Amino acid sequence: MMLQDGSTQLLCLTASSGVPLFTRGASKQLPFSVIGSLNGVHMFGGGHGVTLSSCETESGGKVVWRVFQDSVMLIAVNGGGRGGPGGSKEEEVHLQRLLENVWSCMVLVLGQDELANVRNVERLKRDLRSCFCLIDQLLEEKQEGILGNLTHCADSLLPPNPTLLQEAMDGFAQAADSEFGCLIVHGRIAAATEKWWLLAPQEIVLLSALMRSLTASGSASCDYPVFLPQGSPTVAHRLLRFQLLPGADVCVLCGPTPSLHRAESGLVGRFWTPLVETLRDCLAVGERSLPGSVSLRPDVMALLLINCETRRSVSCVRTLTNHPPGDPPLPSKPRCWELLKLFYIFSTTRYFNQEETLSVTSEERAQRDNTEDFVLGFTHQPQQCYLVTEECKSFGLQTPQHQFFLLVPLSVPTFALRTVATQTLSDIVAATGF
């Protein structure tokens with residue numbers, strides 16, 4: 001495929017004529033002739049009543065196609081080589097989710113009308129450049145611990161003093177004539193208004209990604225127009241964002257008022273200056289995402305906890321200090337994050353429910369149902385699963401309210417995995433109410 005193992009390249013073309021709009025991803029781009037062939041084979045299938053959604057290459061690479069609004073075609077090409085549990089099916093799920101997110105990013109920044117009704121291709125090419133930071137963030141996945149792009153659950157941080165932050169967040173949003181606001185700490189949501197949680201899960205995830213992108217730009221505040229891919233794809237809202245402390249940002253979605261200057265000079269200090277120490281305590285939680293009141297077992301290497309009702313998640317990877325020298329070496333921290341993602345995909349494509357309220361169209365759900373029939377072999381809904389690999393042991397469990405995914409060292413006995421998982425889940429929920 002002319003791509004390095006594990007690298008992903010994203011191609012965007014007009015659906016009707018196949019004119020390239022942009023290419024992102026892998027440093028070594030595919031030749032134009034290959035891009036034309038990928039578009040041509042999809043168009044050939046469409047002309048004969050066949051929808052080509054994915055294929056696998058002889059070298060283990062994967063290609064997935066997706067057309068949005070009969071206007072824009074997105075193609076993801078992966079060179080293969082993503083080691084870990086699962087295989088081709090897992091990679092396809094990952095790439096299909098990538099295409100969904102990229103399209104929603106484009107709608108978030110430009111609005112659906114400009115994408116669905118392409119009047120000037122050259123102008124659209126220029127406008128799409130404003131999406132590149134967000135799209136690159138989805139492709140590179142450099143920020144460890146941010147899994148919402150995959151799970152479509154809001155990456156959350158559970159602060160030690162949630163009540164104080166919630167009261168400040170609600171008051172700040174109300175003063176800004178908004179019902180939609182959230183506090184982002186280390187790229188994760190630490191507090192949000194009730195209406196913010198009523199946005200579609202994918203919208204929450206992408207707005208968080210946009211906040212991380214705006215924070216990385218170095219600006220202390222900004223007034224940014226956004227479209228909600230599902231709630232308001234054709235009418236823009238204003239996203240007002242303010243840096244409270246390095247690593248802590250607050251934002252609101254609002255209409256014409258207030259002005260950026262008025263909100264920055266009159267509201268930010270009023271509501272957040274009294275909470276500087278509380279914000280510092282929240283920042284101290286860091287990428288652990290869990291407050292000090294949660295005591296994890298020493299053999300817990302990594303975890304992902306999803307609240308299925310609120311579509312929120314917390315995750316963390318720990319450096320184990322009590323690992324015996326004679327035992328097999330532990331995976332590195334970046335590898336643990338990768339294994340956690342792979343085990344999540346492995347479990348949700350084979351055993352667990354993957355319902356996403358409002359964020360999946362009936363067409364998308366039908367596509368997924370047709371691509372995975374593994375679960376049809378069960379007469380019941382599995383509630384637990386485990387996997388033993390050469391790097392670690394993994395255990396997943398599902399309750400009416402939660403999905404929980406756990407990684408432990410190989411030294412933990414397999415028969416003890418269920419006990420470790422259920423105890424860890426119980427300890428987190430008891431301490432935080434998550």
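Reader: How many aromatic pairs does the count come to here?

Author: The count comes to 10 aromatic pairs. Rings of Phe, Tyr and Trp (its six-membered ring) pair if their centres lie within 6.5 Å; planes under 30 degrees apart are stacked, over 60 edge-to-face, and the rest tilted. Keep in mind that this is a predicted model, where local features need pLDDT of at least 70, side-chain atom pairs count only at pLDDT 80 or more, and totals for chains, interfaces and linings use all residues. Residues are numbered from 1 along each chain as its sequence is written, and side-chain values use heavy atoms, with hydrogens and water left out.

Reader: Why is the pair of F172 and F271 called edge-to-face?

Author: The centres are 6.2 Å apart and the planes meet at 75°; that angle is over 60, so the name is edge-to-face. F172 belongs to helix α7 and F271 to helix α10, 99 residues apart. A helix here is a DSSP run (H or I, at least four residues), numbered from the N terminus.

Reader: What makes F271 count as buried?

Author: Buried means under 20% relative accessible area (exposed is over 50%, partly exposed in between; 1.4 Å probe, protein chains only). F271 has 17%, so it counts as buried. F172, at 0%, is buried too.

Reader: And why is the pair of F352 and F405 tilted?

Author: Their planes are at 50°, neither under 30 nor over 60, so the pair is tilted, with centres 6.0 Å apart. Both F352 and F405 are buried. They also belong to a cluster that ring pairs build with F343, Y344, F346 and Y351.

Technical notes: Helix = DSSP H or I, 4+ residues; strand = E, 2+ residues; numbered from the N terminus.
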